[in-house]
Amino acid sequence: MGWLIALGVIALLGAIPIGIEGTYGAEGTRAAARIGPARILLYPRLAKQKGEQTPEPAQESGSKTAQEDAPQPRQPDRASRAPAKADGSLKDFLPLGKIALDFLGHLHRRLVVKTLECELVLAGADPCDLGVQYGRAWAAVGNLLPQLERMLTIKKRDIRINCDFTASESRIRAHVVVIISLGRLVLLTVVYGLRALREYWNILKMRKGGAVT
C-alpha cells in the first residue's frame, strides 16, 4: 500500500504546472514564476526595496588614518594571477552542442502557451498612412502566428490591432503565460543530462587515449 501512495504522490508532483508569466504595458514590465496556482514575482522586486535604505558612508576624520599610511602589499601582476585559458576542441564540442539543441527542440514542443494576449494601438493623424500601417501589422501577425503554432501549443489567443488618430505615439500591451508540467521537465532534463554526461565521459577518454565505448 505504501508504494501505491508513493506513486500517487510522484504522479501528483509530476502533474504540477510550472512556467513563466510576463506582462508589458504602460505600467512597465513584470515577470513572475508560476508553480501551480502560486505566483512568485521575479521583476520588479519593488516590495523588497521599499523598506531598504542604502547606508551612507561614514565621514572620514582627520587627513589620513594609520591604515592609509601603512605600506600596501604589492599586488601580483595580472598575467601571473590569471591562469592561461585553453580553448576547447570544436570537434569535441559538436556532440555536446547537438545534445543541447535536441534538448531545446524537445523542450519547446512540450511547452504550452496558456495565454497569449497582445493589443497594438497604432497612432497617427494621417488616415491613409495609418491604414497602411494597419495592413502591414496584420500581415506581420498573419506570418508569425502559423510559425508559433507549429512550435508551440497555444490554448488561449487574443490579438487585437486598433487605430488612434489622436494619440502621439503607438503603444502595445502584451501578456504571455508559458507552462510545462514538472514531470516532463524533469524527465527531459534527466534523459538529456545523462546523454551529455556520457558524451563528456567519452571526450575525456579520447583525450587520454582510451577507447570509446
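A salt bridge is a side-chain nitrogen of Lys or Arg within 4 Å of a carboxyl oxygen of Asp or Glu. Glu117 and Lys156 meet in such a bridge, at 3.6 Å from N to O. The model is predicted: local features need pLDDT of at least 70, side-chain atom pairs count only at pLDDT 80 or more, and totals for chains, interfaces and linings use all residues. Residues are numbered from 1 along each chain as its sequence is written, and side-chain values use heavy atoms, with hydrogens and water left out.

## Overall layout

The chain has 7 helices and 6 strands. Helices (H or I, at least four residues) and strands (E, at least two) are DSSP runs, numbered from the N terminus. Along the sequence the pattern reads α-β-β-β-α-α-α-α-β-α-β-β-α. Of the 213 residues, 19% count as buried. Buried means under 20% relative accessible area, exposed means over 50%, and partly exposed lies in between (1.4 Å probe, protein chains only).

Contact means heavy atoms within 4.5 Å. Among the contacts in the chain with a separation of 6 or more, 70% come from residues 24 or more positions apart.

## Strand pairing

Two strands pair if DSSP finds at least two bridges between them. β4 and β5 pair in the parallel sense, over 11 bridges. Here Val121 has Asn162 of β5 as its bridge partner. The chain goes from β4 through α6 to β5, and this β-α-β crossover is right-handed. That is, with the strands pointing away from the viewer, the path from the first strand over the helix to the second runs clockwise.

β6 takes part in two antiparallel pairings. With β4 it shares 9 bridges. Glu117 stands opposite His175 of β6. With β1, the β6 strand pairs over 8 bridges. There, Gly19 has Ile179 as its partner in β6.

## Nonpolar cores

A nonpolar core is a set of buried Ala, Val, Leu, Ile, Met, Phe, Trp, Tyr and Cys residues joined through side-chain atoms within 4.5 Å. The largest one has 10 residues: Val113, Leu116, Leu120, Leu122, Leu130, Ala137, Val141, Leu145, Ile154 and Ile161. β4 (112-123), α6 (127-151) and β5 (153-164) each give two or more residues to this core. Apart from it lies another core of 6 residues, including Ile18, Ile99, Leu188 and Tyr192. In soluble globular proteins, nonpolar side chains tend to be buried together.

What does Leu130 contact, leaving aside neighbours within four places in sequence? Leu130 touches Leu122, Ala123, Gly124, Cys163, Asp164 and Phe165.

## Salt bridges

The whole structure holds 9 salt bridges. Side chains of opposite charge can pair when their charged atoms come close. Three of the bridges are set out here.

| Pair | Closest N to O |
|---|---|
| Glu21 and Arg39 | 2.9 Å |
| Glu117 and Lys156 | 3.6 Å |
| Glu117 and Arg173 | 3.7 Å |

Glu21 sits in strand β1 (residues 17-25) and Arg39 in strand β3 (residues 38-43), so their pair ties together parts that are 18 residues apart in sequence. Glu21 is buried, at 10% relative accessible area. Glu21, Arg34 and Arg39 are linked in a network of salt bridges.

Glu117 appears in two rows of the table. Its bridge to Lys156 runs from strand β4 to strand β5, so it ties together parts that are 39 residues apart in sequence. Its bridge to Arg173 runs from strand β4 to strand β6 (residues 171-181), so it joins parts that are 56 residues apart in sequence. Glu117 is buried, with a relative accessible area of 16%. Lys156 is partly exposed at 44%, and Arg173 is partly exposed at 29%.

## An aromatic pair

The structure holds 1 aromatic pair. Rings of Phe, Tyr and Trp (its six-membered ring) pair if their centres lie within 6.5 Å; planes under 30 degrees apart count as stacked, over 60 as edge-to-face and the rest as tilted. The ring centres of Phe103 and Tyr192 are 5.7 Å apart and the planes stand at 65°, so the pair is edge-to-face. Phe103 lies in helix α5 (residues 90-110) and Tyr192 in helix α7 (residues 182-207), and the two are 89 residues apart. Tyr192 is buried, at 10% relative accessible area.

## A cis peptide bond

Most residues other than glycine have a negative phi, and most peptide bonds are trans. Tyr43 and Pro44 are joined by a cis peptide bond, with omega about -5°. Pro44 lies in the loop between β3 and α2 (46-50).
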